[in-house]
There are 4 protein chains.
Amino acid sequence: MNIKHYNQIAGQRIQRVESLSDNVFAVSATLLVLNIKVPVSEAIRSERDLATAFSALSPTLLTYFLSFITVGIFWTGQSVAFHYIKKSDRNVYWINLFFLLLISLIPFTTAFLSAHIEFRFAIAVYWLNLLLLGIIILINWHYVDKHSFLCVSGAEKTKVVKAIKRRVLIAQALYASGALLSLISPYLSLVVFCIVQLNYALAPFSKVRQIGDEISEQTSS
Amino acid sequence: MNIKHYNQIAGQRIQRVESLSDNVFAVSATLLVLNIKVPVSEAIRSERDLATAFSALSPTLLTYFLSFITVGIFWTGQSVAFHYIKKSDRNVYWINLFFLLLISLIPFTTAFLSAHIEFRFAIAVYWLNLLLLGIIILINWHYVDKHSFLCVSGAEKTKVVKAIKRRVLIAQALYASGALLSLISPYLSLVVFCIVQLNYALAPFSKVRQIGDEISEQTSS
Amino acid sequence: MNIKHYNQIAGQRIQRVESLSDNVFAVSATLLVLNIKVPVSEAIRSERDLATAFSALSPTLLTYFLSFITVGIFWTGQSVAFHYIKKSDRNVYWINLFFLLLISLIPFTTAFLSAHIEFRFAIAVYWLNLLLLGIIILINWHYVDKHSFLCVSGAEKTKVVKAIKRRVLIAQALYASGALLSLISPYLSLVVFCIVQLNYALAPFSKVRQIGDEISEQTSS
Amino acid sequence: MNIKHYNQIAGQRIQRVESLSDNVFAVSATLLVLNIKVPVSEAIRSERDLATAFSALSPTLLTYFLSFITVGIFWTGQSVAFHYIKKSDRNVYWINLFFLLLISLIPFTTAFLSAHIEFRFAIAVYWLNLLLLGIIILINWHYVDKHSFLCVSGAEKTKVVKAIKRRVLIAQALYASGALLSLISPYLSLVVFCIVQLNYALAPFSKVRQIGDEISEQTSS
């Protein structure tokens, strides 16, 4: 089997990991929408009653929103990662399966946090999910870097790997700080988590974003 | 990294957004089918009883139908849009993630409307969903146009962007008119919404359709 | 926009329809698995109790099986169809969206049939689903043939379109016969439906299969 | 229709089987996550109460974990298999549809085993699922080998087919041994099943893994 043929196979391999990932991400992102139940009650007799019943859904809607954003952050990250990964093997498969297992738990840990926001234990469970995701992302990068599965090489590779690892470590440092704040107040933790996640989704001028932009610039140059 | 390589990467990027989108669209389109429960009752003892029990499902079936059509309209729109978009970046990712978040809420807002059709508040919630979708589609077009992520250029680009934006604005004007009619009667609003959505799905000779055809003609010429 | 470029776009279009279809097919095929609940009861105290509780699941398992096979038949059919379709337009999109809407109803109509097998009305509902699917498949073929969206032409096109239409009509004739037998007994209908569906999935030597083989031979020659 | 064109069609065919598979795999892998319900109770008043309520979820979490890993093992296997399969026909479609039907039952049989671990009958049901999967994988390989649907030929083909078949047979021998141990104790069976599945997911130095590595070496050389 010649190199060209192998590359095609390797390409397909990556494609299947990405295809399975997109499915698991989509299911995970939309899973909590099942929790948003249409309020049906005999007591709803006026516009005001209905508005009240609807506003009672806000915690569920906010939880859905936070869970969707969190899944979206990791999807964006994995998506960028796979632009640089050109080969895979069975170990990459399994590293990514465990990654997806943790992704599929995000709706649960987010809902758990949302239902028990007054307890540090709920913060700890949510943070553990994010921490394990961070660890497995670093394992993945370490592995594909070591086995030369990347499509960049030399100084560019060093730059890309360093930038992405730094990005993950900064995010994890922010999550860990958020988790630690639960020693003062779990509500403070939640606020920090929400700000960090929204920042990744929205703020285009933050420090962390700039790192991402650096990478983009590298790839487009 | 040379231009050709970057284009491949950009292509994959778009592919992943489309792949995730198709998954979220499929889940959103089929979600309400879970609401259509097989009637099982001791009271069903004749063909007539069963027919009665089945006809009691019609509101649920109609809601499913309306939700599926609505999701289908936005899927068709996004699909056409992505024929013109050849590059993406992290911001395109997030614009589309928020778009998908709103898509995944369509089954809920449709079921909410269906359950509380006698109230203007339900019309307002459903319309807000459609309005936000329209706004985010315009943001997406504005962004990809500004950053030259389109595969067309010059006069053709101007024509395509103008035609698509006009299409979105006409649809939003129709939705807004429908929503305004709820001041007279919410039922009137529903009728207008249903006619507008069915028109997009079925009527090939409408004014709005002609705009779509203009675009098709441009692309095939 | 030159022809080559347009073909790429058209290719993507088909790809998105197929991608959305695979998602809706997968959701539809696996939906009824949610009905297979693990029996949990205080009354289960021996191997025999558990075996009895498990055997009580057989109707649910058989319904799942029949629904999966039925979805599989239409997936196989659509898959073969899309080998011949090289272009699409907005109408092909919508024809296929309505096709998928009917596919997503198969789990419901199959479960409805399974729950009320003693009534002709349940046979009628199930058959109506199959009939509408047949009609929309013929509309799709008629449309793509008329608009020259096929990748075959001349005598070969005539042969392929004729063979596929015949295949659909034969299947629909068998389904209609099955439905008519409910005038004698609904159970007889069910037996015929099951035999027909299993025949499509399993029997490689049936008449209908030979038509499929003819097409395969044409394409491989 | 010339050979090149046919290959493209055949490629698409394989692509659709893989696309449907990835969807069914993703749904099957994540299905049991619906069972992990956030504990909500008036009785949860302290960190300790919440930790207790959370730890009560461990059997559900472990079942989810085992189910996910099992689905992952078969996904990895199918993924490797499809690197060697370059053509397909209607029979390959149906062999794979039955394969997917069995995959979609894994969450149920795993949950059934988990709920009734003290009974041999539950072990038998779980093992039957794995056995049927093994049989259908062998049928698939036998079929694609016999019809020359593989992208390798000659001595390399013999080597690949032999190595993969041996891999399946070794796995099935381990599963059968695990099932037989239920004659001594069902708990012993479960332990063996868990060790075997974790070995496939984690242990890179096991005998079975070496076979996989042999194949990888062949393909990369």
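**Long-range contacts, copies and helix packing**

In chain A of this predicted model, 77% of the contacts between residues at least 6 apart in sequence join residues at least 24 apart. The chain is built from 8 helices and 0 strands, so to speak a plain run of α-α-α-α-α-α-α-α from the N terminus on. Of the 221 residues in chain A, 44% are buried.

Val71(A) gives a feel for what this looks like up close. This residue sits in helix α3 of chain A, which covers residues 58-84. Val71(A) counts as buried because 25 other C-beta atoms lie within 10 Å, where 20 or more are needed. Once neighbours within four places in sequence are set aside, the contacts of Val71(A) are Phe25(A), Ser28(A), Ala29(A), Ile103(A) and Ile106(A). Ser104(A) is 33 residues away from Val71(A) in sequence, yet the C-alpha atoms of the two are 8.7 Å apart in space.

Next come the copies. Two copies of a chain are related by a rotation about an axis and a shift along it. Here, chain B lands on chain A after a rotation of 90° with 0.0 Å of shift along the axis, at an RMSD of 0.0 Å. That is how a four-fold axis relates its copies. The copies use different surfaces, with 10% of the contact residues of chain B recurring in chain A. Within chain B, the residue that comes closest to the rotation axis is Asn23(B), its C-alpha lying at 4.3 Å.

Chain C offers a look at two further spots. The first is helix α5(C), residues 106-115, which is largely enclosed by the rest of the structure because 9 of its 10 residues are buried. The buried set runs through Ile106(C), Pro107(C), Phe108(C), Thr109(C), Thr110(C), Ala111(C), Phe112(C), Leu113(C) and Ser114(C).

The second spot is a helix pair. Helix α7(C), residues 154-180, packs against helix α8(C), residues 186-201, at an angle of about 160°, and the two axes are 7 Å apart. The two helices are therefore roughly antiparallel to each other, as angles over 145 degrees count as such. The crossing of α7(C) past α8(C) is right-handed. On the α7(C) side, the residues involved are Leu174(C), Tyr175(C), Ser177(C), Gly178(C) and Ala179(C), and they meet Ser189(C), Val192(C), Phe193(C) and Val196(C) of α8(C). Sorted by character, the residues of this contact come out as 6 nonpolar, 3 polar and no charged.

Terms used:
Residues numbered from 1 in each chain as written. Chains lettered and ligands numbered in written order. Predicted model: local features only at pLDDT ≥ 70, side-chain atom pairs only at ≥ 80, totals over all residues. Helix = DSSP H or I, 4+ residues; strand = E, 2+ residues; numbered from the N terminus. Buried ≥ 20, exposed ≤ 12 C-beta atoms within 10 Å, placed from the backbone. Contact = placed C-beta atoms within 7 Å. Least-squares fit on C-alpha atoms with pLDDT ≥ 70 in both. Axes fitted to C-alpha atoms, helices over the stretch in contact; angles between N-to-C directions. Parallel < 35°, antiparallel > 145°, perpendicular 65-115°, else oblique. Left-handed = near helix turned anticlockwise from the far one by under 90°. Nonpolar A, V, L, I, M, F, W, Y, C, P; charged D, E, K, R; others polar.
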